Structure formats: structure tokens, C-alpha cells
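Visitor: I am new to this structure and should be grateful for a close look at a single part of it. Would you please take the aromatic rings as the subject?

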Amino acid sequence: MDDYVKNAKILVAGEQGMVIDFGGEITVEINRLVQQLVEILNSREIEGIVEVVPTYRSVIVYFDPLQITRDELISGIRQFLTQLGNGEIQEITRRVIHVPVCYGGVFGPDIDYVVRRTKLSLEEVINIHTSRTYLVYMLGFTPGFPYLGGLDDKLVVPRLKRVRSKIPTGSVGIAGRQTGFYTVESSGEWRLIGRTPVRAFYPENPNPFLFAAGDYLQFNSISVDEFFEIFSKVEAGSYSPEITTF
């Protein structure tokens, strides 16, 4: 990872922004550096920094030039990058949010297409999708939508040719080498394979998102009955998904 840090570029992004770019690849190693730098910038509470936004391979920093100059901020960021390169920053404890999913049927209208396209059985598709944890590289598209890495190559399928105008909240989809789920009702062209009753976006809360970039999601298969049982608890405010750490 030292090479990624040494080759990191600090780029101007308008009058009140800058981008720290770790390279042109999307990898777990680069995203780990992204998350570590975000953690540093947020924990130091540097006066003048307005917002820190992680992406797949870079960090966007918005600042108030009346409180901190660009040169001052760049100088501080270079010091943090040196610490990263020297291994002086402790590894972040990672959360794993366990997300129950009911696969197929009306909840997963495209799963039959995935079965035909991949030449796998329905059970194999579900087992493969639930067999690993997925890194949340970034949130975007809609509030809290998680872009997840680590989808098994066996499940790679193309996006829909036409955008669906209405996708229900909680729908779990795959597209190309990515998977994720819709945290609010929206349009989209991902292949829908299931749905979770878990609510991941709470606009009424100070921290509105269930998870953040750098977390991991683990999908767990549940029955239709279990879906509605959990859904009722979510609506009543009495359900919290299992969260583990490593």
C-alpha cells in the first residue's frame, strides 16, 4: 500500500474542494486507505473542513477558505498521508451488518433470468450470493444506496436494457460485478433477485444511514414468513439487524 500512498494525488475541485486520489483501480487495498484517511480527517475535527466524502478510490474534502487556506489543508493532508505510508495509523475496526433477504418470487423478479444466464440452480445463486461479506465501497445514487464489492464472478450479469421506473425499497439487485440494495423507492436497471425488510435510511435521524462506507454487508436468506415477521418489527421500531465486528 506504500506505493498507493506515495503516488496519491491532491487535485483541486473548485474553490472550496479538493480530491485526494489514490489511483485508477478499484481495490480493497485502495479503499482501505480511503477509509483510513476519512477516519483521520473526521477524528481530528480540523477547523474549516466542512465535509469529507469517501468514494471508491479517492476522498473529497470540502472546506471553508475563510477558516483554512488550501495550502494549510494540503500541508496537513500530506502529513496524514506520510503517517499512512509509514504504517502509523491503526487499522479500523470493521462492522459487518447482517441483512436478511427473501430471494425470488415477487421480491426477486429477475432471479430466474440470473439462473438461466449463469446456468446455476436457484439454490446455487442464493448460496453464492449469501456466501461472502461485501465491502461497502461508497454510498450514492440514492440516499444510503451501498455500492458493494466482492460479487462472485459466477453471478455477473448485465443490467436491464430498459430502466425500471419504480423499484420497491429494500430490493436487492446485481449488475455487472456489483451488488447492493435500494434503500428508497426509485428507478433503476439492476437485476432484482430479492428484497430485505430492513430499513437502511432514516431521514429523521441525525445519522440517517444504517451503514457507512468501509462497513461490510452479509446477506442471509429468509423465508416469506420471516420477511413479513421482520417487516412488522421494523415498522414497529423494534427490530435491529445483527452487527458483528472484526
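Guide: F209 has a relative accessible area of 30%, which places F209 between the limits of 20% and 50%, so it counts as partly exposed. The model that gives this value is a predicted one. The ring of F209 pairs with that of F201: the two centres lie 5.5 Å apart and the planes meet at 20°, so this pair is stacked. F201, in turn, is buried, because its relative accessibility is 18%, and the limit for that class is under 20%.

A second pair shows another geometry. F227 and F228 are arranged edge-to-face, with 5.3 Å from centre to centre and 80° between the planes. F227 is buried at 5% relative accessibility, whereas F228, at 46%, is partly exposed.

These two pairs are among the 16 aromatic pairs counted in the model. Ring pairs also join Y56, Y137, F141, F145, Y147, Y182 and W190 into a cluster.

One further ring, that of Y113, has a charge above it: the charged end of R191 sits over this ring, 3.8 Å from its centre. Strand β12 spans residues 191–195, and 5 of its 5 residues are buried, so the strand is largely enclosed by the rest of the structure. Strand β9, residues 171–175, pairs with β12 in the antiparallel sense over 4 bridges; within this pairing, G173 has L192 as its bridge partner. Strand β5, residues 95–103, is likewise antiparallel to β12, over 2 bridges, and C102 stands opposite R195.

Notes. Residues are numbered from 1 along each chain as its sequence is written. This is a predicted model: local features need pLDDT of at least 70, side-chain atom pairs count only at pLDDT 80 or more; totals for chains, interfaces and linings use all residues. Side-chain values use heavy atoms; hydrogens and water are left out. Buried means under 20% relative accessible area, exposed over 50%, partly exposed in between (1.4 Å probe, protein chains only). Two strands pair if DSSP finds at least two bridges between them. Rings of Phe, Tyr and Trp (its six-membered ring) pair if their centres lie within 6.5 Å; planes under 30 degrees apart count as stacked, over 60 as edge-to-face and the rest as tilted. A charge sits over a ring if NZ of Lys or CZ of Arg is within 6 Å of the ring centre and within 35 degrees of the ring normal.
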